[in-house]
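User: Could you take a close look at one small part of this model for me, starting with a single residue and what it touches? After that, I'd enjoy being walked through the surroundings and the helices.

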Amino acid sequence: MMKRIATYAFHISLIFICLIDHADANQAALIICGSGGEAEFEERFADWGKRLQSAFVEQFGFEPDQVALLTERPEDPGAISNLINIEREIQKLAAPQMKREAVWIFLIGHGSFFAQQAKFHVPGMDLTAEQLNEWLREINAQHLVVLNASSSSAGFINALSGPGRIICTATKSVSEKNATGYMRFFLEGIESGGADRNFDERISFLEAASRASELTQAWYDSEGLIATEHSLLDDNGDQLGSRLPIEALDSRDQDGNVAATRFLKEFSFPDDAPNEWVQNYQATMAEIFALKSQKEAYGAEAYYAKLEQLFIHAATINRQIRQYKPSN
């Protein structure tokens, strides 16, 4: 039975449609590249920010005006990553007339923790976790995703954790003070497609964050170094965070369940595909995900029988969509 399930899963991955769909207009992203402190880091952070911006537009289907980028030394003074510009961009995300499906915020740079304050280093006065939290409260979104890829970033979980929020940090504690490489590997995972850990042609935030954690640890191992960064994810609002990678979702209350359903890269379909087919397919995939979280309640035989049934149904609908030709 296990071999048959794997075969159906692989079959589904082969017949997915490869056209890029546009992201929901109610989504937006803000990428903030902080102070480098020296030329090497300044260039590195700016490069990572530009690559992430490109990924959102070219891979995830966002419109260019949905993805704002602030860096330390841009040509446009209005794009400098200082507090004034950060607040302005967050205010744009908090437009009162719009409830957004998701808002994505990325902090790329150095951080610190001193006098009980977690900070992200930007030109001028640094951004504290408390200040960021105050600004984020104005955003009306179903999901707010914040990835702080800086050193000592774990302190941001305590300040930002809450309902509807997915918070990821490059470090497990504020005492991990060395420069981090987590964003390098986050980018590597999404640019290569390796972050699609279950081969369903989507990339959830949980997949991307977990893959980045795996690649980060692998780099330290390959260099013969003791890892000085260990990433965390918090999406259940308990202000604690769980170590990444998260391999299995065994409890509905554990970290990772929400991040597993918030997708950077979503399913993509032809514009002329019948809407009812698309909805049926998406509902079936959602049912597969829900079933996986209830595995223990079914028993092995019943679970795999139901899973096989759903996989076959999903594959059949996907084939219909892929082969659809509208009548003239």
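Analyst: Happily! Not counting residues up to four places away in sequence, T128 touches Q117, A118, K119 and F156, where contact means heavy atoms within 4.5 Å. T128 itself sits in strand β6 (residues 127-128). Its relative accessible area is 13%, so T128 is buried; buried means under 20% relative accessible area, exposed over 50% and partly exposed in between, with a 1.4 Å probe and protein chains only.

A word on the ground rules: this is a predicted model, in which local features need pLDDT of at least 70 and side-chain atom pairs count only at pLDDT 80 or more, while totals for chains, interfaces and linings use all residues. Residues are numbered from 1 along each chain as its sequence is written, and side-chain values use heavy atoms, with hydrogens and water left out.

Just before one of the partners of T128 comes a backbone feature worth a look. Q116 is found in the loop between β4 (111-114) and β5 (117-120), and has a positive phi of about 65° although it is not a glycine. With 65% relative accessibility, Q116 counts as exposed. S152, in the loop between β7 (141-148) and α5 (155-160), also has a positive phi, near 55°, and is likewise a residue other than glycine. S152, however, counts as buried, at 1% relative accessibility. A third spot is P245, in the loop between β11 (242-243) and β12 (263-265): the peptide bond that leads from L244 to P245 is cis, with omega near 0°. For background, most residues other than glycine have a negative phi, and most peptide bonds are trans.

The helix that follows T128 takes part in a helix pair. Helix α3 (residues 83-93) packs against helix α4 (residues 129-136) at an angle of about 30°, their axes being 10 Å apart. That makes the two roughly parallel, the term for angles under 35 degrees; over 145 is roughly antiparallel, 65 to 115 roughly perpendicular, and the rest oblique. The axes are lines fitted to C-alpha atoms, for helices over the stretch in contact, with angles from 0 to 180 degrees between N-to-C directions. On the α3 side the contact is made by L83, I86, E87 and I90, and on the α4 side by L132, W135 and L136. The α3 and α4 crossing is right-handed; that is, the near helix is turned clockwise from the far one by less than a right angle, whereas anticlockwise would be left-handed.

A second pair is made by helix α2 (residues 39-58) and helix α6 (residues 182-192), packed at about 30° with axes 11 Å apart. α2 and α6 are therefore roughly parallel too. Their crossing is left-handed. W48, R51, L52 and A55 of α2 meet M183, R184, F186, L187, I190 and E191 of α6.

α2 rewards a longer look. Its buried residues are F41, F45, A46, W48, G49, L52, A55 and F56, and what covers them includes β1, β2 (67-70), β3 (100-108), α6 and β12. The end C-alpha atoms of α2 are 28 Å apart, which agrees with the 28 Å that its 20 residues should span at 1.5 Å a residue; the expected span is 1.5 Å times one less than the number of residues. In the loop between β1 (27-33) and α2 lies G36, which is buried, with a relative accessible area of 2%. Beyond its neighbours within four places in sequence, G36 contacts F41, E42, F45, E72 and H110. G36 and H110 are 74 residues apart along the chain, yet their C-alpha atoms are separated by 6.9 Å.

Helix α8 (residues 275-292) has 18 residues, and its expected span of 26 Å agrees with the 26 Å between its end C-alpha atoms. V278, Y281, T284, M285, I288 and L291 are buried in α8. They cover an arc of only 155° around the axis, which puts them on the same side of α8; the arc is that of the directions from the helix axis to the C-beta atoms.

Stepping back, the protein has 10 helices and 12 strands, which are DSSP runs numbered from the N terminus (helices H or I, at least four residues; strands E, at least two). Of its 328 residues, 48% count as buried.
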